[in-house]
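Please walk through this structure, from its strands to its cores and its main pocket.

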Amino acid sequence: MLIAVTDLRAAAWELQARCGLASVEGGRHPDWGTANRIVPLGDSYLELVAVVDQQAAAGSSFGRWVARGASPPGRPLGWAVRTGQLAQLARRLGLTVRSGKRVTPSGELLRWRSAGIDQAAAEPSLPFFLEWAAGVRLPGTTAVAHPAAPVGISKLLLDGDPDRLAAWLGNHALPIVVRTGRPAVAAIVLSTATGEIVLGSKQP
């Protein structure tokens, strides 16, 4: 789940103070002109992302997407689905597969392939797809102590075309609710030890 912000440190501090969600430094995406912080949630994660190199971001569809959507408090920008069948998905949907990488603060190189970022940027109710390289430690499994623990994503509220999204995803068991409307990630609903946290401008 992507949350576009203008200042990674300030947004991370606010998220922990307001919601009890801790984050860790991620790294830079040199080809996209962005950097991130990760809120680990086990088999998933929230990604705070900001532009850190204006020139590189201007030449990248992902960087331009983040630049358009960033705000000081941060807002849900888009979402991704992890897959082990990226080539098959790309063929079915007519998508181009691209490679990505970043280096963690510990020096670990993370590599992945993605497809559908341009389409997700144009129609944010659609996810893009990620396939991590073999042996990569998934960001969501990073050890962190959330004051609100245990924390997990219970629901993703999307505005868009339900039929379009169903055709895009195919068979799935994702916890999503789709309402007809202008394409957007309306809200991310998290379950915690003390109740639900809703990130986004629209209530579920």
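**A walk through the model**

Gly181 is in contact with Asp159 and Gly160, when residues up to four places away in sequence are not counted. The model is a predicted one. Gly181 sits in the loop that links β11 and β12. With a relative accessibility of 36%, Gly181 counts as partly exposed, because that class covers values between 20% and 50%. Gly181 and Phe129 are 52 residues apart along the chain, and their C-alpha atoms are separated by 23 Å.

The strands on either side of this loop belong to an open sheet of four strands, ordered β11-β10-β12-β13, with mixed pairing. The edges are taken by β11 (176-180) and β13 (195-200); each has a single partner strand, so one side of each has no neighbour in the sheet. On average, neighbouring strands of this sheet are turned by 20° against each other, direction ignored. Strands of a sheet pair through backbone hydrogen bonds, in a parallel or an antiparallel sense. Strands β10 (residues 152-160) and β12 (residues 184-192) run antiparallel and are joined by seven bridges. One residue to look for here is Leu157, whose bridge partner in β12 is Ala187. Helix α6 (residues 162-169) lies across β10 and β11, and runs at about 140° to β11.

Another antiparallel pair is formed by β2 (residues 24-29) and β3 (residues 34-40), with five bridges between them. Within this pair, Glu25 stands opposite Arg37 of β3. The two strands β2 and β3 make a hairpin with four residues between them, and Gly33 in the turn has a positive phi of about 75°.

Which residues have the most contacts inside the largest nonpolar core? They are Leu21, Leu46, Trp79, Ile188, Leu190 and Leu199, in a core of 37 residues. At least two residues of this core come from each of α1 (8-19), β3, β4 (45-51), α4 (86-93), β10, α6, β12 and β13. The most is given by α1, with five residues. In soluble globular proteins, nonpolar side chains tend to be buried together. Leu190 shows what such a position looks like: not counting residues up to four places away in sequence, Leu190 touches Leu21, Leu41, Leu46, Val151, Gly152, Ile153, Ser154, Gly195, Glu196, Ile197 and Leu199. Apart from the largest core lies another, of 22 residues, which include Trp65, Ala120, Ala121 and Leu130.

Leu130 is part of strand β9 (residues 128-132). Is Leu130 buried or exposed? At 9% relative accessibility Leu130 counts as buried, because the cut-off for buried is under 20%. Leaving aside neighbours within four places in sequence, Leu130 is in contact with Tyr45, Ala80, Val81, Arg82, Thr83, Trp112, Arg113 and Ser114. Ala166 is 36 residues from Leu130 in sequence and 18 Å from Leu130 in space, C-alpha to C-alpha.

Strand β9 also leads to the largest pocket, since β9 gives the most to the lining, with four residues. At least two lining residues come from each of β4, β6 (80-82), β9 and β10. The lining has 36 residues in total, and Asp43, Ser44, Ala80, Val81 and Arg82 lie nearest the centre of the pocket. The space in this pocket amounts to about 790 Å³. Ala80, Val81 and Arg82 are thus named twice: they are in contact with Leu130, and they are among the residues nearest the pocket centre.

Methods
Residues are numbered from 1 along each chain as its sequence is written. This is a predicted model: local features need pLDDT of at least 70, side-chain atom pairs count only at pLDDT 80 or more; totals for chains, interfaces and linings use all residues. Side-chain values use heavy atoms; hydrogens and water are left out. Two strands pair if DSSP finds at least two bridges between them. Axes are lines fitted to C-alpha atoms, for helices over the stretch in contact, and angles run from 0 to 180 degrees between N-to-C directions. Contact means heavy atoms within 4.5 Å. Buried means under 20% relative accessible area, exposed over 50%, partly exposed in between (1.4 Å probe, protein chains only). A nonpolar core is a set of buried Ala, Val, Leu, Ile, Met, Phe, Trp, Tyr and Cys residues joined through side-chain atoms within 4.5 Å. On a 1 Å grid over the protein atoms alone, a cavity is a set of points where a 1.4 Å probe fits but cannot get out, and a pocket is an open set with protein on both sides within 12 Å along at least five of seven lines; lining residues have an atom within 4 Å of a point. Grid points are joined across faces, edges and corners, and a volume is the space filled by probe spheres set on the points.
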